Amino acid sequence: SRSPTPMKLRDAPSACPSLWRCLPCPPAELRLDLVLSSGQSFRWWESSPGAWTGVLGGRVWTLRQDGDRLWYTVYGEEDEHEEEQQGGCPAKAAKLDAAETDRILRDYFQLDVGLSALYRAWGAADPLFRKVANDFPGVRVLRQDPVECLFSFICTSNNHISRITAMIERLCQAFGRRLCCLDSRPFHAFPSLSALTGADAEARLRALGFGYRAKFVSGSARAIAEGLGTEGLCQLRTEPYAEARRVLCALPGVGAKVADCVCLLSLDKAEAVPVDTHVWHIAQQRYGVALGGKSLTPRAYQEIGDFFRGLWGPRAGWAQAV
DNA sequence: AGTGGACCTGACCTT
DNA sequence: CAACACAGGTCCACA
């Protein structure tokens, strides 16, 4: 096949407006910079000031916010399925149509959930929230792919953001389908479950610097592949929070905190409150949650979650993200 | 049941 | 400058 002209990163609609589309979206409803850099997803990168490039739904996107509009552009595949002529119009097959990309983005950012009303309710119930909310408007929970979310958060245990990001980048590069090159930088999809079930997966992950998490990632991939499957994992979206949590916690490397992250960020469990060491300290110092232990015991974990659910209500996880 | 250690790694901050 | 503690936890082995 012919060698395609190298694609370039796009940073703003002005240069080539026909490649961009936009959705109505005021800053009070979404602050792209806060949401994409807050550690919910590790796959977005500020490619130029105000422009965020990343992989979503098997495509590479650049997003930019300008006033009340959310602008986006989607990059084509490296090989736009040149051989694939069966099944009708090639142009249609090669390119997602506008309605579809709009839908993907609206779904990912859950734009049908009105954030300003939620902020008002949380603020009314909690003066401390009001204070923080002032400086951090437009922070909402992403609706991520369950497989990506699960394996990403397995990598977060006892780890820090900079290393997590680098690990996941290497994971995608080594196990994920290559999508395209932008400014000669390759972009890869997040690996499918089956890509992680190989016999040598653990060793390869070790070589990529995953440490003891290599066993967790490959072990969880195996367990899901032999159990509920990718479909079953996704179907946890329709199960109750407690059930989803129970299933996730049975996987190696998945404890209460990681399970809650996956529940909140990919399985539609808005009441899930992931309690990390930071949240634990906040709960004690700022909210005076009285808990005996010097460490975050399972009981303390449960009580802190219950406390915030009591304070903020059924979307406590969303409030926590702020 | 509930608690203390070990666990991979490496950018970053104190000694 | 090198050692070090530390970082968005989890698992396992013992009271």
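**Figure 1. Polar contacts between the protein and DNA strand C.** In this predicted model, a side-chain N or O atom of Asp276 lies 3.2 Å from a base nitrogen of DNA strand C. Two backbone contacts reach the phosphates of the strand: a polar backbone atom of Gly253 is 2.8 Å from a phosphate oxygen, and a polar backbone atom of Val258 is 2.9 Å from a phosphate oxygen. A polar contact is a pair of N or O atoms within 3.5 Å; within protein, one must be able to donate a hydrogen and the other to accept it, and residues adjacent in sequence count only if both atoms are side-chain atoms. Residues are numbered from 1 along each chain as its sequence is written, chains are lettered from A and ligands numbered from 1 in the order in which they are written, and side-chain values use heavy atoms, with hydrogens and water left out. Because the model is predicted, local features need pLDDT of at least 70 and side-chain atom pairs count only at pLDDT 80 or more, while totals for chains, interfaces and linings use all residues.

**Figure 2. The protein surface near DNA strand C.** DNA strand C is surrounded by 20 residues, and the closest are Ser38, Gly39, Ile161, Gly253 and Gly255. A residue is near a molecule or strand if one of its heavy atoms lies within 4 Å of it. Of the atoms of DNA strand C that come within 4 Å of the protein, 54% belong to sugar and phosphate. Helix 12 gives the largest share of this surface, with three residues. By class, the surface has eight nonpolar, 10 polar and two charged residues. Ala, Val, Leu, Ile, Met, Phe, Trp, Tyr, Cys and Pro count as nonpolar, Asp, Glu, Lys and Arg as charged, and the others, Gly among them, as polar.

**Figure 3. The protein surface near DNA strand B.** The residues around DNA strand B are Asn158, His160, Arg163, Arg206, Gly209, Gly211, Tyr212, Arg213 and Thr297. They divide into one nonpolar, five polar and three charged. Sugar or phosphate makes up 47% of the strand's atoms within 4 Å of the protein, and bases make up the rest. Two side chains contact bases: a polar atom of Arg213 lies 2.8 Å from a base oxygen, and an N or O atom of Asn158 lies 3.2 Å from a base nitrogen. A polar backbone atom of Tyr212 is 3.2 Å from a sugar or linking oxygen of DNA strand B.

**Figure 4. Packing of helix 6 against helix 9.** Helix 6 (residues 146-154) and helix 9 (residues 213-226) have axes 9 Å apart, at an angle of about 150 degrees. The two helices are therefore roughly antiparallel (angles over 145 degrees count as such, under 35 as roughly parallel, 65 to 115 as roughly perpendicular and the rest as oblique). Helix 6 contributes Leu150, Phe151 and Ile154 to the contact, and helix 9 contributes Arg213, Phe216, Val217, Ser220, Ala221 and Ile224. Contact means heavy atoms within 4.5 Å. Helices (H or I, at least four residues) and strands (E, at least two) are DSSP runs, numbered from the N terminus. Axes are lines fitted to C-alpha atoms, for helices over the stretch in contact, and angles run from 0 to 180 degrees between N-to-C directions.
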